[in-house]
Amino acid sequence: MFLADCQARLAFDLIANTWNAVVLWSLRHGPRRPGELRAEIGGISPKVLTETLRRLEFNGLVERHAYAEAPPRVEYTLTDLGRTLLTPIGVFGEWAFDHAEEVMAAQDRRQEQP
């Protein structure tokens, strides 16, 4: 069912990237400037945020809006397609919240084995 070239793999690849879901989730309340995103997310470098935003824009999930102002201003917003991922990201986040301790306990048990 999940062959190398199947459409489900595309969705898994989008969600599997460490920062994609985090950035999409951070944009759920409306447009954000890169500095606002970095402050809200925490722990993401400017370079990685820029790469993530470009990847999301390439995939049609985010739009970049540049304003002709001095100093220049750029904002990012979710596209309609990007908004369709908020529900699955929310469900996945709930699963993580509910089961994170179980996963970490399993990892701890595995590390204790010789």
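Select E75 to begin: with a relative accessibility of 15%, E75 counts as buried, because buried means under 20% relative accessible area. Keep in mind throughout the tour that the model on the screen is predicted.

**The charges around E75**

With E75 still selected, add R73 and look at the ends of the two side chains, where a salt bridge joins R73 to E75 and the closest N and O atoms are 3.1 Å apart. Now add E69 to the selection, since the side chains of R73 and E69 also meet in a salt bridge, at 3.1 Å from N to O. Taken together, E69, R73 and E75 are linked in a network of salt bridges. Is E69 buried, exposed or partly exposed? E69 has a relative accessible area of 40%, so E69 counts as partly exposed.

**The two strands**

Next, select residues 62–67, which form strand 1, and residues 73–78, which form strand 2; the two strands run antiparallel, and six bridges join them. Follow the chain from strand 1 to strand 2, and you pass through a hairpin of five residues. To see how individual residues are paired, select V62, whose bridge partner in strand 2 is L78, and then select E63, which stands opposite T77 in strand 2. How many of the six residues of strand 2 are buried? Five of the six are buried, and strand 2 is therefore mostly covered.

Return to the loop between strand 1 and strand 2 and select P71, which has its place there. Show the backbone as sticks and look at the peptide bond that leads from A70 to P71, for this bond is cis, with omega near 0 degrees. It is worth a pause, because most peptide bonds are trans.

**Two loops and their distant partners**

Keep L78 visible and select R28, which is found in the loop between helix 2 (20–26) and helix 3 (34–41). Although R28 and L78 are 50 residues apart in sequence, their C-alpha atoms are 7.1 Å apart in space. R28 has a relative accessible area of 27%, so R28 is described as partly exposed.

A second pair can be viewed in the same way: select N17, in the loop between helix 1 (7–16) and helix 2, and then T52. N17 and T52 are 35 residues apart in sequence, and from C-alpha to C-alpha they are 8.9 Å apart in space. N17 counts as partly exposed, because its relative accessibility is 26%.

**A salt bridge in helix 4**

Now select residues 46–58, which make up helix 4, and within this helix pick out E51 and K47, which are four residues apart and so are separated by about one helical turn. The side chains of E51 and K47 meet in a salt bridge, with 3.5 Å from N to O. Which of the two counts as exposed, and which as partly exposed? K47 is exposed, because its relative accessible area is 59%, while E51 is partly exposed, because its relative accessibility is 36%. A search of the whole structure finds four salt bridges, and among them are the one between E51 and K47 and the two that R73 makes, with E69 and with E75.

**Along helix 6**

For the last part of the tour, select residues 86–112, which form helix 6, and find W95 within them. Add F92 and V103 and switch on the surface, where F92, W95 and V103 make a nonpolar patch of about 310 Å². W95 counts as partly exposed, because its relative accessibility is 44%.

Which residues gather in a patch of negative charge on the surface? Select E94, D98, E101 and E102, and you have that patch in view. D98 has its place in helix 6, and D98 is exposed because its relative accessible area is 54%.

Finish with P88, which is also found in helix 6 and is partly exposed because its relative accessible area is 40%. Draw a distance line from the C-alpha atom of P88 to that of A68: the two residues are 20 residues apart along the chain, and 35 Å separate these atoms.

Key
Residues numbered from 1 in each chain as written. Predicted model: local features only at pLDDT ≥ 70, side-chain atom pairs only at ≥ 80, totals over all residues. Heavy atoms only, no water. Patch = residues over 30% accessible without salt bridge, like charges linked within 9 Å, V, L, I, M, F, W, Y side chains within 5 Å. Areas by Shrake-Rupley, 256 points an atom, 1.4 Å probe, with all protein chains shown as cover. Buried < 20%, exposed > 50% of the residue type's maximum accessible area, 1.4 Å probe, protein only. Pairing = 2+ DSSP bridges. Lys, Arg positive; Asp, Glu negative; His and termini not counted. Charge placed at Lys NZ, Arg CZ, Asp CG, Glu CD.
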